[in-house]
Amino acid sequence: MLFSNKPGRHERHLHRKHNNPLFNNPPIDQQDIHLAQQEDQQEINLFMDKFRKLVQRSVELDANVDADILLTLKEDLDKIYEQSAGLAGDQSDIKGMIKRLIDTIMKGIWSGIGNDTLAKSKLEMEEEAREAHFELLEHPLIADLLCTDSVIAENELAPTLLTASSHEIDLILPLFTTEQQKFLFNKLTDCLNNIDTSQAIYADTLAKIEKIRLMRQ
């Protein structure tokens, strides 16, 4: 199978399922990969169109722009950064540009709050949360899970989690609510039914399930 070096989210998820008994899927062929690559390229094209429009909105801002307009633009940039994290190819330059635009807008918001202590506290917490969120998005699997129209179906959440590294599991599990964790954990052991106990992946899967069980306690 000829997978890309830096795939997008459609091809990336296809790669997770390729020859992976946890998913119990039909075999994947080169045509499936080609179609996923096409979807990822289409996503890049749509993204770039949206990105150019946001840049234009930023450039056209008036010096005395209303704070609500700044906040709306900043929220749109936050969303498009999240989208950029899941795109195919090297998007580091684009992500850097988005961060710089957000920083510029935040300076305008900061200058507009004056000595409002409560507003300052809220902005500080928001900036810390954004930084932590952007760090999480550096993990492709997390970017795929957090995407609003995720390619990972609900019935694929359990096997997807079991393909994650131990460190990724530490980061991913807290993203789910207690009820979601309970539902997900009940599905994890079902994945074992698709694996022969003699396979090396069986022991690895058992270890991950135990790790998740302990994290939930």
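In helix H1, the residues Arg9, His10, Glu11, Arg12, His13, Leu14, Arg16 and Lys17 are buried, that is, under 20% relative accessible area with a 1.4 Å probe, protein chains only. Helix H1 (residues 9-17) is thus mostly covered, with eight of its nine residues buried. The cover includes helix H2 (30-59), helix H6 (140-146) and helix H7 (157-163). After H1 comes Asn19, which has a positive phi near 55 degrees. Helices here are DSSP runs (H or I, at least four residues) numbered from the N terminus.

The model is predicted: local features need pLDDT of at least 70, side-chain atom pairs count only at pLDDT 80 or more, and totals for chains, interfaces and linings use all residues. Residues are numbered from 1 along each chain as its sequence is written, and side-chain values use heavy atoms, with hydrogens and water left out.

The largest nonpolar core (buried Ala, Val, Leu, Ile, Met, Phe, Trp, Tyr and Cys residues joined through side-chain atoms within 4.5 Å) has 25 residues. Phe47, Leu77, Ile80 and Ile98 have the most contacts inside this core. At least two of its residues come from each of H2, H3, H4 and helix H5 (117-136), and H4 supplies the largest share, seven residues. Leaving aside neighbours within four places in sequence, Leu77 is in contact (heavy atoms within 4.5 Å) with Leu54, Ile98, Leu101, Ile102 and Ile105. Another core, of 22 residues, lies apart from the largest one and has Leu141, Ala164, Ile172 and Leu173 among its members.

Note on methods. Buried < 20%, exposed > 50% of the residue type's maximum accessible area, 1.4 Å probe, protein only.
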